[in-house]
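Me: I am new to reading structures. Please take one part of this one and go through it closely. Keep the sentences short.

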Amino acid sequence: MTARLIDGKAAAASLRATVAAEVAKFRSATGRSPGLAVVLVGEDPASAVYVRSKGKATVEAGMQSIEHKLPADTSEAELLALVDQLNSDPAVDGILVQLPLPPQIDANKVITRIDPDKDVDGFNPVNAGRLAIGLPGFVPCTPLGCLKLLRAELGDLAGKHAVVIGRSNIVGKPVAMLLLAEHCTVTIAHSRTRNLPAVVRQADIVVAAVGRPNMVKGDWLKLHATVIDVGINRVEGDDGKSRLVGDVDFASAREIAGAITPVPGGVGPMTIACLIRNTLVSAARRDGYQLPEDL
Ligand SMILES: NC(=O)C1=CN([C@@H]2O[C@H](COP(=O)(O)OP(=O)(O)OC[C@H]3O[C@@H](n4cnc5c(N)ncnc54)[C@H](OP(=O)(O)O)[C@@H]3O)[C@@H](O)[C@H]2O)C=CC1
Ligand SMILES: Nc1nc(=O)c2c([nH]1)NC[C@@H]1CN(c3ccc(C(=O)N[C@@H](CCC(=O)O)C(=O)O)cc3)C=[N+]21
């Protein structure tokens, strides 16, 4: 039996529709629409694509998109000044500074400067801390998207062994924190992990966030494991055209896994849906407006 496909595109469309319906109610209750400011420094083509799709999703949900495009040679002081301005702008509910940033800018400094209560990316240390100790805050969009897909697929996650491959601050660590809060037994693997295939073979849930095309093979998996592939890797196909592949070798993994996310069409679309979700949550908190619990 080949694995069930976890359709992130469909799940994202459904979340976006739910958010749009709630935005409409928010607007009639408060007379304003939630605003998301996205800041792009430089012209990395992949970043430009993501920023465009974020803006489109924001507007489609009935929210205001405020885009700031700065030249690649922008100084750290200039970017920090823009963040300060967005922090104090009442029309801005969410602030996202697209990563990576050019080398003259310290990304940690910028992330730390964003008002934690507008930090819809969930990258500010205050929000990382809130997640770690179980306080309400903002959960990073990609990890939240992974969790939503897993809950929809498996229901209760308590007691499952989850192996997260990757320990970055934006994906691996927050995914591990979320799974721990769901009462999974969590193993975090990384580049120094010994015998990774044997570690992965213990997993009921595998989350791969590595950035290495097709690294996780089907014969690493426990039979019928649930596989969430976060990797977005652009590679050259046999036809010479570039295409996207994940960190999991999809062809071999789908023969062993119980369910698996494709790339594209898996976690990526959920990231953007969770961003507009977080922006609405931010606007509601700032206005004391009550949203449904399970958004
Ligand atoms: N779908 C989406 O919305 C998003 C997708 N991504 C994608 O997810 C992937 C990961 O992103 P990100 O977390 O930012 O990447 P980073 O490069 O920040 O982190 C990669 C992690 O993988 C670990 N790693 C590297 N090589 C190996 C190896 N051979 N075996 C085991 N672990 C290894 C590293 O370990 P160590 O710490 O020891 O160096 C590190 O912890 C990328 O493909 C990225 O494009 C990212 C964000 C959003
Ligand atoms: N401050 C910040 N926040 C981020 O959330 C952030 C960031 N910086 N920098 C870059 C990464 C990457 N990221 C993705 C978003 C959507 C898709 C996505 O929609 N992917 C589609 C395919 C898109 C395509 O075809 O290129 C899919 O997987 O189906 C992928 C990756 C957000 N990131």
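Reply: Here is a close look at one helix, H10, and what lies around it.

Start with a caution. This is a predicted model. Every value below is computed from that model.

First, find the helix. H10 covers residues 267-287. Now place the domains. The domain assignment gives domain 1 as 31-118 and domain 2 as 141-267. The centres of domain 1 and domain 2, taken over C-alpha atoms, are 28 Å apart.

Next, look at what H10 packs against. One partner is helix H6, residues 141-154. The axes of H6 and H10 are 8 Å apart, and the angle is about 110°. Angles of 65 to 115 degrees count as roughly perpendicular, so H6 is roughly perpendicular to H10. Which residues of H6 and H10 make the contact? On the H6 side they are Cys141, Thr142, Leu144, Gly145, Cys146, Lys148 and Leu149. On the H10 side they are Val267, Met270, Thr271, Ala273, Cys274, Leu275 and Asn278. By class, the contact of H6 with H10 has nine nonpolar residues, four polar and one charged.

Now turn to the ligands. Ligand 1 has 25 residues around it. Those that come nearest are Gly166, Ser168, Ser191, Gly211 and Thr271. H10 gives the most to this shell, with three residues. The shell around ligand 1 divides into ten nonpolar, twelve polar and three charged residues.

Ligand 2 is surrounded by 18 residues. The closest are Leu99, Pro264, Gly265, Gly268 and Thr271. Thr271 is thus listed among the nearest residues for ligand 1 and among the closest for ligand 2. Thr271 is also in the contact of H10 with H6.

Which elements each supply at least two residues of the shell around ligand 2? They are helix H2 (45-60), strand E4 (94-97) and H10. H10 gives the most here, with four residues. Both domains take part: domain 1 and domain 2 each supply at least three residues of the shell around ligand 2. By class, this shell holds twelve nonpolar residues, five polar and one charged.

Use Thr271 as a reference point for a residue elsewhere. Gln104 lies in the loop between E4 and helix H4 (107-113). Gln104 and Thr271 are 167 residues apart in sequence and 27 Å apart in space, C-alpha to C-alpha. Is Gln104 buried or exposed? Gln104 has 12 C-beta neighbours inside 10 Å, so Gln104 counts as exposed. Leaving aside neighbours within four places in sequence, Gln104 is in contact with Ser75 and Glu76.

Go back to H10 and pick Val281. Val281 sits in this helix. With 22 C-beta neighbours inside 10 Å, Val281 counts as buried. The cut-off explains why: a residue is buried if 20 or more other C-beta atoms lie within 10 Å of its own. Beyond four places in sequence, Val281 is in contact with Leu291 and Leu295. Val281 and Val23 are 258 residues apart in sequence, yet 9.9 Å apart in space, C-alpha to C-alpha.

Finally, step past the helix. Tyr289 is in the segment after H10. Tyr289 has 14 C-beta neighbours inside 10 Å, so Tyr289 counts as partly exposed. Not counting residues up to four places away in sequence, Tyr289 touches Phe26, Ala29, Thr30 and Ala284. Tyr289 and Ala29 are 260 residues apart in sequence and 8.5 Å apart in space, C-alpha to C-alpha.

Conventions:
Residues numbered from 1 in each chain as written. Chains lettered and ligands numbered in written order. Predicted model: local features only at pLDDT ≥ 70, side-chain atom pairs only at ≥ 80, totals over all residues. Domains from an automatic or database assignment. Near = placed C-beta within 6 Å. Nonpolar A, V, L, I, M, F, W, Y, C, P; charged D, E, K, R; others polar. Axes fitted to C-alpha atoms, helices over the stretch in contact; angles between N-to-C directions. Parallel < 35°, antiparallel > 145°, perpendicular 65-115°, else oblique. Contact = placed C-beta atoms within 7 Å.
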